[in-house]
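Please open the model in your viewer and keep the sequence panel beside it, since each stop on this tour begins with a selection to make.

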Amino acid sequence: MEGSRASRSCRIKVRPYATLLRFAFGSLFGKLRRVKFFSRLGPSHGAAIVAGLLLAASFPKPGLAGLAWIAPGLMLFAAAGQRGKECFRIGYFAGLTNCLCSLYWLLFIPFPAGAIVGWFALSAYLALYPAVWVWLCWRLFSGKKFVAAQTWWSAVGEFFTTNWWQRSCWMILCAGLWVALDMVVARFLSGFPWNFLGVSQYRMLPLIQIASVTGVYGVSFLVVWFSISLAIAFLRVVRQPRLRWGWLIELRLALIALVGTMIFGLNRLLVPVDTDPQLNIALVQPSIRQELIWNHAKDADRFNKIIELSKLAIAVKPDLLIWPESSMPNFTEENFRAITDLIVANKVWMILGADDAEPRPGATGHDDYDSFNAAFLFSPQGKVVATYHKQHLVVFGEYLPFARRLPFLRRVIPIPGDFTPGDGPVPFELDAVATVYDRRTHDGEVQGRRSQTAATGAERSRPAATTAVKLCVLICFEDVIPGLARESSGDDIDFMLNLTNDGWFGESAAQWQQAANAVFRAVENGLPLVRCTNNGLTCWIDSRGAIREILGGEGKAVYAPGFMTAKIPLRPAAEKRVPTFYHRHGDWFGWGCVALSALACVIRLGGRGPTRAVN
């Protein structure tokens with residue numbers, strides 16, 4: 001009896017959520033409900049799960065980049081010879097495994113119920129894309145049809161009955177389909193361009209220089225293309241061992257493309273970058289847990305902690321002091337006075353992240369205002385001279401969609417209010433900054449190390465005339481969004497600055513993954529990118545994508561409170577920056593892959609009726 005009651009109670013509790021899911025996704029993915037995802041699992045599904053694990057492990061942490069060159073090919077050929085629904089299901093298993101593992105840090109959000117739901121819902125949504133990719137790749141295969149009754153081994157044999165040109169064109173098409181789906185992920189439902197496949201290669205500097213032409217999409221394309229070629233080469237050896245050099249024929253085109261990309265990257269890295277003049281900056285990392293940020297009883301302790309760190313940072317005489325996103329508890333008169341006194345006493349520029357509010361047009365009451373996630377620029381005179389409002393808000397973090405129609409969402413995810421997106425980029429200009437000419441680069445030393453920054457003797461550097469410095473600000477995960485970073489970094493920008501708070505995610509891989517994504521914004525736009533964070537990774541990235549210094553190194557200390565100083569190279573006076581090809585033309589490569597994929601689908605699927613085979 002008790003068991004029966006418990007069972008009924010459980011069904012009653014689950015039913016509203018099931019109804020909500022059917023309401024939300026039923027009309028869009030109604031046909032997919034007939035795919036029984038957890039029935040009749042076999043070796044192909046096991047291979048798909050392994051592919052998902054390899055994908056997850058290729059991103060930080062652990063960041064085993066080589067695994068990304070294996071996973072797409074394994075995922076694709078796990079579905080060889082399968083019918084459409086099985087192809088979709090195999091791709092979904094791989095995608096779901098990857099997302100659940102690589103996005104585990106969502107479980108650290110201090111709303112246990114909302115964190116679990118958000119983690120699984122986002123993973124379930126993102127897994128649809130590799131599922132569609134596997135299905136489409138085999139659907140668009142131009143060779144002989146695979147019949148439902150044949151085994152995987154015989155399907156591989158049938159695969160090699162096609163000629164080399166058919167297979168080569170298909171491999172390129174598969175890579176284009178991957179990029180086309182990434183373009184959709186980056187834009188659909190406000191976009192989530194996190195951990196695109198190319199990001200896994202962020203430490204491979206010669207390889208990622210191609211992003212200055214194609215964006216991160218070009219790196220993803222190359223990795224997928226080579227992965228599929230590698231899988232086919234391996235199967236050729238196993239299936240046709242007597243063809244001694246047959247595997248090399250399958251790799252030929254992708255290998256040529258990879259070698260050409262590496263040569264381009266090495267040539268770009270060998271071109272010297274002018275590092276004079278430089279700007280002295282100090283970055284403060286307070287490392288405040290998200291629960292304390294919401295606990296207003298601890299506001300005074302928070303503020304005193306970051307002030308003390310700032311006094312230590314100012315002791316090394318920077319020109320610019322930077323605090324991260326959400327660093328200010330609130331702009332009380334006392335806090336504001338403490339900040340301006342610090343600025344004026346030390347004659348330093350300052351940028352900090354805090355909430356902002358503006359009355360709505362025609363506002364009649366004190367509560368009739370818009371809230372913004374903002375960054376403020378203070379002059380050495382203690383005046384606010386520029387304000388930037390974050391443009392791309394985090395869904396379920398900074399606003400709740402449909403909250404007015406579905407008020408119960410605020411009980412599941414208790415966000416007190418919604419932010420309003422900003423209107424556009426706002427450059428921050430620091431006029432009359434005393435920059436430094438530093439000759440250490442020509443002595444063979446590495447820029448940006450804290451120990452070197454402290455050694456500012458006359459034999460090392462000489463002061464220059466004052467100059468204006470211009471930078472663009474990106475808040476939170478805006479440094480993950482290629483298009484937004486490109487729009488913000490005009491031709492007269494010296495460097496990009498990201499203020500972020502990853503305290504939501506504890507001491508996890510989230511901080512490393514965001515920094516890996518940010519590397520590509522530096523390469524794409526040919527600009528240094530400085531990151532000031534609440535609890536990691538506070539660092540700066542040069543215009544070639546090299547992470548020059550990380551506060552706390554690469555161990556656990558990366559999450560700890562502290563500060564770091566660095567010298568950021570600026571444009572030479574009176575010179576305009578030479579924009580990269582990507583900066584001039586944007587996502588031309590991504591849109592080209594979208595056009596290629598759409599054309600292939602129209603040609604191959606337009607006049608085709610339903611079929612039981614994948615061809």
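Accessible areas here come from the Shrake-Rupley method with a 1.4 Å probe. By that method the chain exposes about 27600 Å², and carbon and sulfur atoms supply 63% of this area. Please keep in mind that what you are looking at is a predicted model.

Begin with the whole chain in a cartoon view, where 21 helices and twelve strands can be traced. Of the 615 residues in the chain, 54% are buried. If you consider the contacts in the chain with a separation of 6 or more, 74% of them are accounted for by residues 24 or more positions apart.

Next, select Glu 86, whose place is in helix H4, residues 84–102. The side chain of Glu 86 makes a polar contact, at 2.6 Å, with the side chain of Arg 89. Is Glu 86 buried or exposed? Its relative accessible area is 17%, and because buried means under 20%, this residue falls in the buried class.

Move on to Val 523, which is found in helix H19, spanning residues 510–525, and which counts as buried at 0% relative accessibility. Show what surrounds Val 523: leaving aside neighbours within four places in sequence, the residues in contact with it include Ile 208, Gln 209, Ala 211, Ser 212 and Arg 268, as well as Ser 543, Arg 544, Gly 545 and Thr 580. You may also draw a distance from Val 523 to Val 216, since their C-alpha atoms are separated by 9.1 Å although the two residues lie 307 residues apart along the chain.

Now switch to a surface view and select Trp 152, Trp 153, Phe 234, Val 237, Val 238, Trp 245, Trp 247, Leu 248, Leu 255, Val 259 and Ile 263, which form a nonpolar patch with about 1000 Å² of accessible area together. Helix H7 (152–159), helix H11 (216–239) and helix H12 (246–270) are the elements that give two or more residues to this patch. Which helix gives the most to the nonpolar patch? That is H12, with five residues. One residue to pick out is Ile 263, which lies in helix H12 and is partly exposed, with a relative accessible area of 46%.

The last part of the tour follows the salt bridges, of which the structure holds 16. Select Glu 308 and Lys 311, whose side chains meet in a salt bridge at 3.8 Å, N to O. These two residues are separated by about one helical turn, because they stand three residues apart in helix H14, residues 299–314. Glu 308 is partly exposed at 46% relative accessible area, and Lys 311 is also partly exposed, at 45%.

Then select Asp 492 and Lys 470, which form a salt bridge with their closest N and O atoms 2.7 Å apart. Asp 492 lies in the loop between helix H18 (482–488) and strand E8 (495–500), while Lys 470 lies in strand E7 (residues 461–475), so the pair ties together parts that are 22 residues apart in sequence.

For the next pair, select Glu 507 and Lys 556, whose salt bridge has its closest N and O atoms 3.5 Å apart. Glu 507 sits in the loop between E8 and H19 and Lys 556 in the loop between strand E11 (547–550) and strand E12 (562–569), so this pair ties together parts that are 49 residues apart in sequence. Glu 507 is partly exposed at 45%, whereas Lys 556 counts as exposed at 61% relative accessibility. Finally, select Arg 167, Arg 236 and Glu 250, which are joined into one network by salt bridges that share partners.

Technical notes:
Residues numbered from 1 in each chain as written. Predicted model: local features only at pLDDT ≥ 70, side-chain atom pairs only at ≥ 80, totals over all residues. Heavy atoms only, no water. Helix = DSSP H or I, 4+ residues; strand = E, 2+ residues; numbered from the N terminus. Buried < 20%, exposed > 50% of the residue type's maximum accessible area, 1.4 Å probe, protein only. Contact = heavy atoms within 4.5 Å. Polar contact = N/O pair within 3.5 Å; in protein donor to acceptor, adjacent residues only side chain to side chain. Patch = residues over 30% accessible without salt bridge, like charges linked within 9 Å, V, L, I, M, F, W, Y side chains within 5 Å. Salt bridge = Lys/Arg side-chain N within 4 Å of Asp/Glu carboxyl O.
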